[in-house]
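Visitor: Could you take me on a close look at the place where the two protein chains meet? I am new to this, so please explain the terms as you go.

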Protein chains: 2
Amino acid sequence: MNSIRYALLSLLAREPLSGYDIKQHMNGRLGPFWKVGSNQVYPELSKLEGEGLIRLLGVEQLSYRPARKVYELTDSGREALAEWVLEPAETEFSLRDDFILKAYNLWLVEPEQMIRQLERIQQHHEAKLAAYLDKSAELERALSGKTSSDPLYGTAAVLDFGIRHERQYLEWCQEWIRRLDGEGAGPK
Amino acid sequence: MNSIRYALLSLLAREPLSGYDIKQHMNGRLGPFWKVGSNQVYPELSKLEGEGLIRLLGVEQLSYRPARKVYELTDSGREALAEWVLEPAETEFSLRDDFILKAYNLWLVEPEQMIRQLERIQQHHEAKLAAYLDKSAELERALSGKTSSDPLYGTAAVLDFGIRHERQYLEWCQEWIRRLDGEGAGPK
DNA sequence: AGATACATGTAATACGTTACATGATTTT
DNA sequence: AAAATCATGTAACGTATTACATGTATCT
């Protein structure tokens, strides 16, 4: 628990960043998995600084703008992160997806309407998959020759998970469209 | 948002239940996806009753125990649920899994240690998969001949998703164990 | 002229988890 | 004799989302 702090450390382990940068990263590139608001980022950064896990690298001031405070990971921060990575992982994962709950109620509605819902969701995941595959192609090129101690390796692992997840989701949609379709059209 | 109310309605759409029953169902059979505490269930039940989506079917009183209040879905509750099911679904799903965040940091630690982590997680998902497959075999038997308007159809859809998810997770673990393994043993 | 990006931060609100309180019965 | 089960509910806490406040430069 309290994974956000580790999310912040994970990003800072790769490069120095400001709170704003972190927010952008999480809601952008790493978006599929995590999202944060500024209210979580800034206080947590202060805490981490207080604990000596990160340190203020520098402040970029543009006079008309709030100071841009860039943080970097300290050695003890790097240690804490590595320790956490190797800790026995929480086996409880949530997998709370509204749509799955909707599917649980598929028996309540007209098959044709449920099919339409499934198709809509399917399209959404197709788009996501396509985006991930694009990124992946790029990444794989950059990855050649690099060893597993390169940060890109971690990026690739997460991206790969995302790709597999989207594929699996799509197949599930297809399967249940098929099942519901066979039903409605079947005994005529 | 506020999916818990729909989770409660989803269960009550199948059979009348008490708050306690609901809690047990969610943390047991439907456990992989949802969990709730009593503090969420009881207030929400009161709210739903106030809105006329559910009604008190009866109270079982055993003198030495708190009254067991059993609720059932009303017609307007069933309508509200069906409407929600057909609403354009939220495309934002979280997929927040601590272990994926750990994997993002795999480059920070010794490959052999990460492999051990992956193997541990793999075992966990193997066990889950086995449990789901058991349930699924049972379900498929009970399902034969039933149409898509049977609640079991919804159960099957969710279970199927769980099975696919676990399989996908396993494959991902295997792939990354392989990749890290090939690394360490490779250029010797 | 108006919206968006930059950049920090706070406040209000919603959602979720853990722990507590009660109290007899049944299981270990 | 101790612990778990049943059954409701409240309280305290922790985490997350949304909105707000500030203020200039740049893009449309």
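Guide: Here is a walk through the meeting of chain A and chain B, with a short stop at the DNA afterwards. This is a predicted model, in which local features need pLDDT of at least 70 and side-chain atom pairs count only at pLDDT 80 or more, while totals for chains, interfaces and linings use all residues. Residues are numbered from 1 along each chain as its sequence is written, chains are lettered from A and ligands numbered from 1 in the order in which they are written, and side-chain values use heavy atoms, leaving out hydrogens and water.

Let's start with the contact itself, which means heavy atoms within 4.5 Å. On chain B, 79 residues are in contact with 79 residues of chain A. The copies meet through the same surface, because 100% of the interface residues of chain B are also interface residues in chain A. Between them, about 7700 Å² is buried, and carbon and sulfur atoms give 63% of that area. Buried area is the accessible area (1.4 Å probe) that two parts lose on being put together, summed over both.

Now for the polar side of the story. There are 22 residue pairs in polar contact between chain B and chain A, both residues at pLDDT 80 or more. A polar contact is a pair of N or O atoms within 3.5 Å; within protein, one must be able to donate a hydrogen and the other to accept it, and residues adjacent in sequence count only if both atoms are side-chain atoms. The count of salt bridges between the chains is two, a salt bridge being a side-chain nitrogen of Lys or Arg within 4 Å of a carboxyl oxygen of Asp or Glu. One of them joins A:Glu140 to B:Arg179, with the closest N and O atoms 3.8 Å apart.

How do the copies sit relative to each other? A turn of 180° and a shift of 0.0 Å along the axis lay chain B on chain A with an RMSD of 0.0 Å, superposed by least squares on the C-alpha atoms of residues with pLDDT of at least 70 in both. The two copies are thus related as by a two-fold rotation axis. In chain B, the residue that comes closest to this axis is B:Leu95, at 2.9 Å (C-alpha).

Finally, the DNA. A phosphate oxygen of DNA strand C is 3.1 Å from a side-chain N or O atom of A:Arg96, and another such approach, at 2.9 Å, involves a polar side-chain atom of B:Gln40.
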